Amino acid sequence: MMRIIFMGTSDFAVPALGAVLDAGHEVVAVYTQPPRAAGRGLGLKKSPVHLFAESKGLPVFTPASLRSEEEQARLKAFNADAAVVVAYGLILPKATLKVPRSGCFNIHASLLPRWRGAAPIQRAIMAGDAETGVAIMRIEEGLDTGAVCLAERTPIWPDETAGELHDRLAALGAGLMVKALGDLEKGSLACWPQHGEGVTYAAKIEAGETRIDWSRPAAEVQYQIQGLSPHPGAWFEIELASKRERIRALRATLAEGEGKPGTLLDGKLTIACGKGAVRVTQVQRAGKRPMGAEDFLRGAALRPGSVLD
């Protein structure tokens, strides 16, 4: 059994925290981002990790920064063997990396050195990658440049969304982290430096990347739709009830057909692209639940030949 400081915020990190606990390790502290204003009332909302940790009776800390002497002193007082860092959202200062006896270890949702950075899951799908995976990395000062201790590959399924891949990789990473901690405890964990070839960066998704450009090849449009689903969502605009409305496309497959880019080709939401066509199978209107393409077409009164912007 090891004494572990766990640092994580998003729902991607929750399976890892659960797995570390189930493996019998002592989680002496959980660090997560402070509660944020959310919802219509802008009430403070705790992170998924915060809520899960509280349900397990674990001590939770939410500093806005780890750089102060007070925070460094508190971290040292936990006398931890290792820190597990998963989708935390704060950069760990150099001093923090030296606090746990055996170091700090991260679950990264890609096969490093491919897709270092903030959005590896979305970028892998948007790039049309056939496979991805998770890596357990010993954290150092650089951006996802640390030595890799364990890695596991998995295919990206043809119609898989970022949300679905996110959940698969979260579970895969949780199991891999438990194995890494077990090897670390036995003194058999071996890590290797990342090679310099094949480095790519998964930059944060910007708002300007989310609008669908139907003039692109159909495969690229499908990758964009699947890679941005469910959040932030790829979108297009149409005229509904005499006003412009933004529609999020959540699922799509490649389809047969051709025409002017953006043209609706049939009653199944098949849309012409610059080369080929895609069939959008699930959409979401603002403030509504996701719906199938045919239900959407009936409600929108769209007909073949209509043009989507």
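Reader: Why is the disulfide of Cys-149 and Cys-191 called right-handed?

Author: The model is a predicted one. In it, the torsion about the S-S bond of Cys-149 and Cys-191 is about 95 degrees, and the disulfide is therefore right-handed.

Reader: What makes Cys-149 and Cys-191 a disulfide?

Author: The S to S distance between Cys-149 and Cys-191 is 2.1 Å. A pair of cysteine sulfur atoms counts as a disulfide within 2.5 Å, so a pair that meets this cut-off is accepted. By this rule the count comes to 1 disulfide. The pair links distant parts of the chain, with Cys-149 in strand 10 (residues 148-155) and Cys-191 in the loop between helix 6 and strand 11 (201-202), 42 residues apart.

Reader: Why is Cys-104 not bonded to Cys-149?

Author: The closest cysteine sulfur to that of Cys-104 belongs to Cys-149 and is 12 Å away, which is too far for a bond.

Reader: How do you know whether Cys-149 is buried or exposed, and where does Cys-191 stand?

Author: Buried means under 20% relative accessible area, exposed means over 50%, and partly exposed is in between. Cys-149 has a relative accessible area of 2% and is therefore buried. Cys-191, with 28%, is partly exposed. Cys-104 counts as buried at 2% relative accessibility, and Cys-273 counts as buried at 2% as well.

Reader: Why is the pair of Tyr-31 and Phe-78 called edge-to-face?

Author: A search of the whole structure finds 4 aromatic pairs. In the pair of Tyr-31 and Phe-78, the ring centres are 6.5 Å apart and the planes stand at 85 degrees. Planes over 60 degrees apart count as edge-to-face, so the pair receives that name.

Reader: What parts of the chain does the pair of Tyr-31 and Phe-78 tie together?

Author: Tyr-31 lies in strand 2 (residues 26-31) and Phe-78 in the loop between helix 3 and strand 6, so the pair ties together parts that are 47 residues apart in sequence. Tyr-31 is buried, with a relative accessible area of 0%, and Phe-78 counts as buried at 13%.

Reader: Why, then, is the pair of Trp-214 and Phe-236 called tilted?

Author: The ring centres of Trp-214 and Phe-236 are 5.9 Å apart and their planes are at 55 degrees. Planes under 30 degrees apart count as stacked and those over 60 as edge-to-face, with the rest tilted; the pair is therefore tilted. Trp-214 in the loop between strand 11 and helix 7 is thus linked to Phe-236 in strand 12, 22 residues apart. Trp-214 is buried, with a relative accessible area of 4%, and Phe-236 is buried, with 0%.

Reader: Which residues form one aromatic cluster, and what lies over the face of Trp-235?

Author: The cluster is formed by Tyr-31, Phe-61 and Phe-78. Over the face of Trp-235 lies Arg-246, at 3.5 Å from the ring centre.

Reader: How do you know that the span of helix 6 agrees with its number of residues?

Author: Helix 6 (residues 162-186) has 25 residues, which at 1.5 Å a residue should span 36 Å; the end C-alpha atoms are 35 Å apart, which agrees. Just after helix 6, Gly-187 takes a positive phi of about 80 degrees.

Reader: Which residues of the largest nonpolar core touch the most other members?

Author: This core has 42 residues, and those touching the most other members are Phe-6, Phe-12, Leu-17, Val-30, Val-86, Phe-105 and Ile-136. Helix 6 gives the most to this core, with 10 residues. Apart from it lies another core, of 29 residues, including Met-126, Ala-249, Val-278 and Val-283.

Reader: What makes the phi values of Asn-79 and Leu-269 worth noting?

Author: Asn-79 has a positive phi of about 50 degrees although it is not a glycine. Asn-79 lies in the loop between helix 3 (69-77) and strand 6 (82-86), and is partly exposed, with a relative accessible area of 41%. Leu-269, also a residue other than glycine, has a positive phi near 65 degrees. Leu-269 is found in the loop between strand 13 (243-255) and strand 14 (270-272), and counts as buried at 0% relative accessibility.

Reader: Where are peptide bonds cis?

Author: The bond from Leu-112 to Pro-113 is cis, with omega near 15 degrees. The bond from Ser-229 to Pro-230 is cis, with omega near 5 degrees.

Terms used: Residues numbered from 1 in each chain as written. Predicted model: local features only at pLDDT ≥ 70, side-chain atom pairs only at ≥ 80, totals over all residues. Heavy atoms only, no water. Helix = DSSP H or I, 4+ residues; strand = E, 2+ residues; numbered from the N terminus. Expected span 1.5 Å × (residues − 1). Core = buried A, V, L, I, M, F, W, Y, C linked by side-chain atoms within 4.5 Å. Buried < 20%, exposed > 50% of the residue type's maximum accessible area, 1.4 Å probe, protein only. Phe/Tyr/Trp six-rings, centres within 6.5 Å; stacked < 30°, edge-to-face > 60°. Lys NZ or Arg CZ within 6 Å of the ring centre and 35° of its normal.
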